[in-house]
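Me: Please take a close look at one part of this model for me. I would like the backbone, and then what lies around it. Keep it brisk.

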Amino acid sequence: MAGVADFADPIGGRSSFFEEPYMPAVVDASKCDGCGTCQDNCPSDAIHVEEKVAVVKPENCIDCNVCADDCPKKAIEMKL
Ligand code: SF4
Ligand code: SF4
């Protein structure tokens, strides 16, 4: 029988539609150098550099794409 767990996100950004917050901005830690440009430019205080890697606070993210556009390392992808 199908349950909530069967709605696992195929792109890996969320574990289910119901249990995790919406998270459009995803950082590739292998590309991020911790420059802080995303943190400085985010209009919603939704991304911060922690230990030299940017980390998204999904409940604050408004899916504006600014961080992905401005990242010099192209380390941020927008997931829908
Ligand atoms: S702008 Fe890009 S490289 Fe710089 S901290 Fe943010 S994600 Fe990392
Ligand atoms: S998509 Fe916009 S609101 Fe979300 S983390 Fe990036 S700059 Fe901030």
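Reply: Start with a term. Two strands count as paired if DSSP finds at least two bridges between them. The model is predicted.

Now the hairpin. Strand β2 covers residues 47–50, and strand β3 covers residues 53–56. The two pair in the antiparallel sense, over four bridges. One facing pair is Val-49 and, in β3, Ala-54. Two residues lie between β2 and β3 in this hairpin. Glu-51 sits in the turn, and its phi is positive, about 55 degrees.

Next, the loop that leads into the hairpin. Asp-45 is located between α1 (37–41) and β2. Its phi is positive too, near 55 degrees, and Asp-45 is not a glycine. Is Asp-45 buried or exposed? A residue is exposed if 12 or fewer other C-beta atoms lie within 10 Å of its own. Asp-45 has 10 such neighbours, so it counts as exposed.

Then the loop on the other side. Asn-65 lies between β3 and α2 (66–70). Asn-65 is not a glycine either, yet its phi is positive, at about 80 degrees. Asn-65 has 12 other C-beta atoms within 10 Å, and therefore it is exposed.

One contact ties the hairpin to an earlier loop. What is the C-alpha separation of Ala-29 and Val-53? The value is 6.2 Å, for residues 24 apart along the chain. Ala-29 belongs to the loop between β1 (25–27) and α1. Ala-29 counts as exposed because 12 C-beta neighbours fall inside 10 Å.

Finally, the ligands. Which residues are closest to ligand 1? They are Cys-32, Cys-35, Thr-37, Cys-38 and Cys-71. In total, 14 residues surround ligand 1. That shell holds nine nonpolar, three polar and two charged residues.

Ligand 2 has 13 residues around it. Cys-42, Cys-61, Cys-64, Val-66 and Cys-67 are the closest. By class, the shell of ligand 2 splits into 10 nonpolar, two polar and one charged.

To recap the backbone: Glu-51 in the hairpin turn has a positive phi. Asp-45, in the loop before β2, has a positive phi. Asn-65, in the loop after β3, has one as well.

How values were computed. Residues are numbered from 1 along each chain as its sequence is written. Chains are lettered from A and ligands numbered from 1 in the order in which they are written. This is a predicted model: local features need pLDDT of at least 70, side-chain atom pairs count only at pLDDT 80 or more; totals for chains, interfaces and linings use all residues. A residue is near a molecule or strand if its C-beta atom, placed from the backbone, lies within 6 Å of it. Ala, Val, Leu, Ile, Met, Phe, Trp, Tyr, Cys and Pro count as nonpolar, Asp, Glu, Lys and Arg as charged, and the others, Gly among them, as polar. A residue is buried if 20 or more other C-beta atoms lie within 10 Å of its own, exposed if 12 or fewer, and partly exposed in between; C-beta atoms are placed from the backbone.
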